[in-house]
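Got the viewer open? Keep the selection box handy, and follow along stop by stop.

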Amino acid sequence: MGNIILITIIYILVALTIVLYVTWFERKFAARIHTRVGPYYVGRPHGFLQPVADVLKLLLKEDIVPEQADKTIFNIAPIIVFIGALLAFSVLPAAKNIYISDLSVGIIYFFAVSSLIIFGVFLAGWGSNSKYALLSAFRAGAQVVSYEIPLLFSVLVPVILAGSLKTSDIVASQKIPYALYPVFGWISFIIFLIAGLAEENKVPFDVPEAESELVAAYNVEYSGMKFALFYAAEYTHILALSVLGAILFLGGYRGFYPKIGPEWVYQVLWLIFKSFFMLILFLLVRWSFVRIRIDRLILFSWKYLFPISLINLFLAGLYKIFF
């Protein structure tokens, strides 16, 4: 019991630290694409202390609650969103024997706790008593419903091939990464990337946050630490999704390493490397395309992604039966 608590605390601290610096990494990455410098002055020469300064600034800001807001719902919404994003890490193994919980239904658990995020987003939109926040919440709900099904179908392909919902079993069963499996492996990986971006409301799927139409998003009325929780939840979940993608399609913590020193160190480094590869793919798409109109965004999912992912899942089932 003591070990589980210790690993949980270490997991949370490491995850939050990485999330903090993922924001810095994305800003530098976007700056490079735009031929800008990005964060620079705070922690010269590359702005290494900018994330710390941002957190301190948000902590010191005044917490404003709109007079007409439903204060209970308004206050608990960011906490629900953040907890939902953080809980997703508990079934993601960092190495062969390093995890918080190796649940037999780990994949189902991941998406179950992740669904708390959209629940919190709805509460934020409703509790804010703002038409902009409410419209943003409705858009986010429609988008998640449309892209959740192809995302789940893409995830079920490695689950079927491994014959298990355990993340550790899926990693162990990959003699070659599932992303390299002919046809259905490639298709599943691409659908996971597209639907994952839509789940995170990232460009070109960021219609819930369309600044020109909705000012900002469901968090438009939030300030200070509550706004920071939404911000942290967004990056925590995209990091969790990147780790899940590395586990499902890229072999997780498996890789080549010398038989010198503890194995778990190499396994953790492999998982970090693969997770950041997934993260860079997400960021590359985000900073390379423009926003899609909402009707086309929904149509793209139901008209193309859904049938393709369904046929792909059927192909994976046939492969499992006959090979």
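Select F110 to begin: this residue sits in helix α4 (helices here are DSSP runs of H or I with at least four residues, strands are runs of E with at least two, and numbering starts from the N terminus). The model you are looking at is a predicted one, where local features need pLDDT of at least 70, side-chain atom pairs count only at pLDDT 80 or more, and totals for chains, interfaces and linings use all residues. Residues are numbered from 1 along each chain as its sequence is written, and side-chain values use heavy atoms, with hydrogens and water left out.

Is F110 buried or exposed? F110 counts as buried because its relative accessibility is 0% (buried is under 20% relative accessible area, exposed is over 50%, partly exposed is in between, with a 1.4 Å probe and protein chains only). Now show what surrounds F110: leaving out residues up to four places away in sequence, it touches A88, V91, L92, H237, A240, L241 and L244 (a contact means heavy atoms within 4.5 Å). For a distance to draw, try F110 to G84: they are 26 residues apart along the chain, and their C-alpha atoms are separated by 9.4 Å.

**The cores**

Keep F110 selected and add F192 and L244. These three have the most contacts inside the largest nonpolar core, which has 60 residues (such a core is a set of buried Ala, Val, Leu, Ile, Met, Phe, Trp, Tyr and Cys residues joined through side-chain atoms within 4.5 Å). Colour the helices that each supply at least two residues of this core: α1, α4, α5, α6 (167-172), α7 (184-199), α9 (224-249), α10 (263-286) and α11 (294-322). Which helix gives the most to this core? That would be α9, with 11 residues.

Next, centre on F192. Setting aside residues up to four places away in sequence, F192 touches L151, S154, V155, L241, L244, G245, L248, F249, M278 and F282. There is also a second, separate core of 23 residues, and A69, F74, V121 and A140 are among them.

**Along α9**

Select I238, which lies in helix α9. I238 is buried, because its relative accessible area is 3%. Beyond its neighbours within four places in sequence, I238 is in contact with E200, K202, L279 and F282. Pick the C-alpha atoms of I238 and K202 and you get a separation of 9.7 Å, for residues 36 apart along the chain.

Move on to S242, also placed in helix α9. S242 is buried, since its relative accessible area is 0%. Outside the residues up to four places away in sequence, S242 touches S275, M278, L279 and F282.

**Over to α7**

Jump to I187 in helix α7. With a relative accessible area of 28%, I187 is partly exposed. Which residues does I187 touch, not counting residues up to four places away in sequence? They are I308 and N312. Then pick S309: I187 and S309 are 122 residues apart in sequence, yet 7.8 Å apart in space, C-alpha to C-alpha.

**Two loop stops**

Select T35, in the loop between α1 (2-33) and α2 (50-60). T35 has a positive phi of about 55 degrees although it is not a glycine. At 73% relative accessibility, T35 counts as exposed.

Now go to N129, in the loop between α4 (106-127) and α5 (131-162). N129 is not a glycine either, and has a positive phi of about 55 degrees.

**Zoom out**

Clear the selection and show the whole chain as a cartoon. How many helices and strands does the protein chain have? You should find 11 helices and 0 strands. The C-alpha trace spans about 60 × 50 × 45 Å along its principal axes. The radius of gyration of the protein chain is 20 Å, which agrees with the value near 20 Å for a compact globule of 323 residues (it is taken over C-alpha atoms, and the globule rule is 2.2 Å times the number of residues to the power 0.38).

Try colouring by burial: buried residues make up 48% of the 323 residues. Among contacts with a separation of 6 or more, 78% are between residues 24 or more positions apart.
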